[in-house]
Amino acid sequence: MDSSSTRRQTTRRKLFEAAVTLIAEQGFSSTTVDEIAERAGVAKGTVYYNFASKNELFEELLRHGIELLATSLQEAADASAARGGTRVDALDAMIRAGLDFIARYPALTQLYVAELWRTNRAWQSTLMVVRERAITVVEGVLREAVAGGELSEDIDIPLTASALFGMVLVAALDWQSYQPHRSIDDVHASLSRLLQGRVSGHP
């Protein structure tokens with residue numbers, strides 16, 4: 001990769017980080033391009049050089065963030081399989097990867113969850129696409145678990161994938177907002193018990 005490409009990627013990453021933090025703090029409408037540029041430490045013209053508009057910046061932000069998450073989930077599942085784990089083990093590894101990601105990018109997660117329920121945004125179709133990107137990774141592991149006899153054929157795979165994805169998002173945000181004293185290992189252990197069906201107290 002040449003130096004100009006590296007510089008552009010570095011600049012875009014700074015803009016992503018500045019935008020997601022500001023928008024999470026004060027909302028999309030209240031965040032200006034000037035503020036994004038100032039927070040990123042670049043000239044205002046640099047924002048428009050990289051993105052045609054604030055809307056485009058936000059859409060790219062969503063795509064970039066969820067692609068990072070989807071990649072981390074897939075890598076966790078693959079690593080579990082390489083260690084000889086079951087597909088349920090892979091799902092558990094994905095839960096941990098999701099928690100790790102959210103702990104690293106809390107502002108992005110807050111922003112994603114807040115925007116997920118809005119219906120009047122220009123980027124609604126983009127939001128649905130990036131949501132599907134992450135959930136498809138979970139669905140793939142669930143399908144393999146059903147095919148291998150680890151999970152019942154009766155489960156609704158799309159709904160179960162959405163439920164697992166949502167569980168991690170909401171539980172992680174609740175952890176960070178209301179129970180920050182808990183360790184990530186503790187939170188993961190609790191979600192793992194839910195996955196393994198052990199919350200009833202029976203083995």
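Here are exercises on the cavities, the nonpolar core and the aromatic pairing of this structure, with worked solutions.

The model is predicted, so local features need pLDDT of at least 70, side-chain atom pairs count only at pLDDT 80 or more, and totals for chains, interfaces and linings use all residues. Residues are numbered from 1 along each chain as its sequence is written, and side-chain values use heavy atoms, leaving out hydrogens and water.

**Exercise 1.** Count the cavities of 30 Å³ or more and describe the largest cavity.

*Solution.*
- Start with the rule: a cavity is a set of points, on a 1 Å grid over the protein atoms alone, where a 1.4 Å probe fits but cannot get out. Points are joined across faces, edges and corners, and volume is the space filled by probe spheres set on them.
- The count is two cavities of 30 Å³ or more.
- The largest cavity holds about 120 Å³.
- List its lining (residues with an atom within 4 Å of a point). Among them are L69, L73, L91, M94, G98 and V138.
- Assign elements, taking helices as DSSP runs (H or I, at least four residues), numbered from the N terminus. Helix 4 (54-82), helix 5 (87-104) and helix 8 (157-178) each give two or more residues. Helix 5 gives the most, with five.
- Sort by class. Ala, Val, Leu, Ile, Met, Phe, Trp, Tyr, Cys and Pro are nonpolar; Asp, Glu, Lys and Arg are charged; the others, Gly among them, are polar. The result is 11 nonpolar, one polar and no charged residues.

**Exercise 2.** Describe the second largest cavity.

*Solution.*
- Its volume is about 50 Å³.
- I66, L69, F101, L108, T109, Y112 and L169 line this cavity.
- Helix 6 (106-116) and helix 4 each supply at least two of these residues. Helix 6 gives the most, with three.
- Six lining residues are nonpolar, one is polar and none is charged.

**Exercise 3.** Find the residues with the most contacts inside the largest nonpolar core, then trace V138.

*Solution.*
- Such a core joins buried Ala, Val, Leu, Ile, Met, Phe, Trp, Tyr and Cys residues through side-chain atoms within 4.5 Å.
- The largest has 59 residues, and M94, L99, Y112 and V138 have the most contacts inside it.
- Helix 4 gives the most to this core, with 10 residues.
- Set aside neighbours within four places in sequence. V138 is then in contact (heavy atoms within 4.5 Å) with L73, L91, M94, A161 and L164.

**Exercise 4.** Classify the pair F101 and Y105, then the burial of each ring's residue.

*Solution.*
- Rings of Phe, Tyr and Trp (its six-membered ring) pair if their centres lie within 6.5 Å; planes under 30 degrees apart are stacked, over 60 edge-to-face, the rest tilted.
- The whole structure has two aromatic pairs. F101 and Y105 form a tilted one, 4.8 Å centre to centre with 45° between the planes.
- Buried means under 20% relative accessible area, exposed over 50%, partly exposed in between (1.4 Å probe, protein chains only).
- F101 has 8% relative accessibility, so F101 is buried. Y105 has 25%, so Y105 is partly exposed.

Note on methods
1 Å grid on protein atoms, 1.4 Å probe; cavity = no way out; pocket = protein on both sides within 12 Å on 5 of 7 lines; lining within 4 Å.
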